[in-house]
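Here is a walk through one protein model, taken piece by piece. Keep the structure open and follow along from helix to strand to core.

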Amino acid sequence: MATAYPIIDHTYDVVVVGAGGAGLRATFGMAEQGLKTACITKVFPTRSHTVAAQGGISAALGNMGEDDWRWHMYDTIKGSDWLGDQDAIEYMCREAPRAVIELEQQGLPFSRTAEGKIYQRAFGGMTTKFGEGIAYRTCAAADRTGHAMLHTLYQQSLKHEAEFFVEYFALDLIMDDEGVCRGVMAWNLDDGTLHRFRGHMTVLATGGYGRTYFSCTSAHTCTGDGNGMVLRAGLPLQDMEFIQFHPTGIYGAGCLITEGVRGEGGYVTNSEGERFMERYAPSAKDLASRDVVSRSMTIEIREGRGVGPLKDHIHLHLEHLDPKIIHERLPGIAETSKVFANVDVTREPIPVLPTAHYNMGGIPTNYKAEVIRPTKDNPDAVVPGLMAIGEAACVSVHGGNRLGSNSLLDLVVFGRAAALQAGKVVEKGKAHKDLPADSGDYAVSRLDRSRNAKGSLRVSHLRLEMQKIMQNNCAVFRTGPVLQEGVGLMRQAWDKRGDLGVSDRSLVWNSDLVEALELDNLMYQAVVALECAANRTESRGAHAREDYPDRDDQNWLKHSVVWANEKAEVTISDRPVHLYTLTNDVQPVPPKKRVY
């Protein structure tokens, strides 16, 4: 292998994999402290999927009404259906105002109120006074907040002279015999060379695995590469059964229509023209949490009240809003609706359907962003040299269900936390220990095996098979038999990996090979997501079981922890939810019935 694939070595204090919101916030935060920092990314930083985030970033600034970070914390715990770690949630909500003001000072062009303050809109599940009123908490740059954030953070990274390795595909982690992460192997798509990046700290900011589904709001690059690397390194993932369906993806296209539409006064109706959310969530109505709205829409369709010739979707209305408001606050939505649904939002409703959107599960971490590898004696034991942030991570601030606009907050708060912790534990310029002679061989052999695969099955065909299994067997509503069928079908799909064929043998811009490696990562996650969903015999947050319709705190108030090997043999364990806070400033919120 060494002669067939010569390897170029790099040494850094810190190596960040991924250049979305979380990766960039960590990158510039580490560079700012004087750590020699590399950022490896498979797409140009401003094309990372954070660019697609629309509605905004939550923070209790109180610019458009009374607010308090403790109310934000309560809403996030309730939204998580009590599966969120309350120490991490306290940290995130307390840090939120500072994070947003920091972004403003760095140049993020937020929309403004008449007084010149940051504009804030209502979002689902965000309340005042512990559930009494509606909070205007989501800070927005029109409906292109993620775009504005990504460009702002990239500029900061350039300002602090972080080094970028753009269009490099991360292959696998480099772990030593003591279980310490020593870096990562990557493939330069531009010239076909292989690179070994050594770092005292490796930070995975590789995003979610939305592309396990046939219909999703995720970009085609959202293949959960970091999660795949973690499983192959013998480390676990957490809460993989919790997959959020956004209520309003454009029917047929999957493109996201932000919750900010409903925050501005939009609402959904069925075939009878009824605003049915008033039946399901009498207080919050169209601004109930995403899992509640998604299931309500699905019930309406199932009971024959869907719209369209096939009665298989729902209408989202904006036409009653002032066109000036749409132009100022929802310009991207108007454009997206015209392009993908041929709808003029000022005159007619948008056809929408719940669509796979966000992964609450991922790489388990603590609130300092350190990756956790639970042991028999310590459920919070950390993996030296490894961090995870953003949608790739499971902190867990989102628990069983994420509240809208908490994701952009998660990125910047824990990106910053990772930088602060790295500043404490990484010694600048410290010499690296020698690596074993075979370090990186596993990654290279995997690459070589895929590159020379001569089977009869195309990558796109197996990917479609996987996506349809997930769409049919791990959807908004789940039952034991359907999940077990999905487990069996996914195992059959897994066994077909040996029959994959890659037609392009080159190493320069070989998109066929990239897709084969991405499919490998996706299939690991599809296997463990189905296994964990079949294993959890309750309904909680986004995981809704029709055969177990109630939340079961006695048996299931715990995180699922899952390992998988190359034969797709899965081991499921658990670790406790942190039902305690970091400080005495706020008390833990005990579990209670979750209603809106």
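**A buried arginine and its surroundings**

Arg 446 sits in helix α12, which covers residues 441-451. The model is a predicted one. Is Arg 446 buried or exposed? Its relative accessibility is 5%, so Arg 446 counts as buried, the cut-off being under 20%. Its side chain has a polar partner. A polar contact of 3.0 Å links it to the side chain of Asp 520. Beyond its neighbours within four places in sequence, Arg 446 is in contact with Leu 171, Asp 172, Arg 232, Leu 517 and Asp 520.

Now move one residue on, to Leu 447. Which residues does Leu 447 touch, not counting those up to four places away in sequence? They are Tyr 5, Leu 171, Trp 187, Leu 194, Leu 507, Leu 513 and Leu 517. Leu 171 and Leu 517 are among the contacts of Arg 446, and both are also touched by Leu 447.

Leu 447 leads into the largest nonpolar core. That core holds 83 residues. The members that touch the most others are Leu 171, Trp 187, Phe 197, Leu 204, Leu 447, Met 470 and Met 490. Helix α15, residues 511-535, supplies the largest share of this core, with 16 residues. A second core is separate and has 68 residues, including Ile 57, Tyr 91, Leu 150 and Leu 411.

Next, take three strands in a row. Strand β7 spans residues 168-175 and runs antiparallel to β8, with seven bridges between them. Met 175 stands opposite Cys 181 of β8. The two strands form a hairpin with five residues between them. In that turn, Gly 179 has a positive phi of about 80°.

How many residues of β8 are buried? Strand β8 covers residues 181-188, and eight of its eight residues are buried. β8 also pairs with β9, residues 194-204, in the antiparallel sense over five bridges. Met 185 has Arg 196 of β9 as its bridge partner. This second hairpin also has five residues between its strands, and its Gly 192 takes a positive phi near 80°. In a regular strand, side chains alternate between the two faces of the sheet.

Helix α15 has a second role in this tour. It lies across β10, β23 and β24, and it runs at about 60° to β24. Those three strands form an open sheet in the order β10-β23-β24, with antiparallel pairing. The edges are β10 (237-238) and β24 (570-576), each pairing on one side only. Strand β23, residues 558-564, is joined to β24 by seven bridges, and the two run antiparallel. Val 562 stands opposite Ile 572 of β24.

Another open sheet has four strands. Their order is β11-β14-β13-β12, and the pairing is antiparallel. Which strands lie at the edges? They are β11 (243-250) and β12 (267-269), each of which pairs on one side only. On average, neighbouring strands here are turned by 45° against each other, direction ignored. Three bridges join β12 to β13, residues 314-317, and these strands run antiparallel. Val 268 has Leu 316 of β13 as its bridge partner. Helix α10, residues 331-341, packs on this sheet and touches β11 and β14 (350-359). The direction of α10 makes about 80° with that of β11.

Two more helices complete the route. Helix α8 spans residues 290-302. Its 13 residues reach 18 Å from first C-alpha to last, close to the 18 Å expected at 1.5 Å a residue. α8 is mostly covered, with 11 of its 13 residues buried. Among the buried ones are Arg 290, Asp 291, Arg 295 and Glu 300. Val 292, Met 297 and Ile 301 are buried too. Just after α8, Gly 304 takes a positive phi of about 90°.

Helix α11 covers residues 406-425. It has 20 residues and reaches 28 Å from its first C-alpha to its last, close to the 28 Å expected at 1.5 Å a residue. α11 is mostly covered as well: 16 of its 20 residues are buried.

Notes
Residues are numbered from 1 along each chain as its sequence is written. This is a predicted model: local features need pLDDT of at least 70, side-chain atom pairs count only at pLDDT 80 or more; totals for chains, interfaces and linings use all residues. Side-chain values use heavy atoms; hydrogens and water are left out. A nonpolar core is a set of buried Ala, Val, Leu, Ile, Met, Phe, Trp, Tyr and Cys residues joined through side-chain atoms within 4.5 Å. Buried means under 20% relative accessible area, exposed over 50%, partly exposed in between (1.4 Å probe, protein chains only). Contact means heavy atoms within 4.5 Å. Two strands pair if DSSP finds at least two bridges between them. Axes are lines fitted to C-alpha atoms, for helices over the stretch in contact, and angles run from 0 to 180 degrees between N-to-C directions. A polar contact is a pair of N or O atoms within 3.5 Å; within protein, one must be able to donate a hydrogen and the other to accept it, and residues adjacent in sequence count only if both atoms are side-chain atoms. The expected span of a helix is 1.5 Å times one less than its number of residues.
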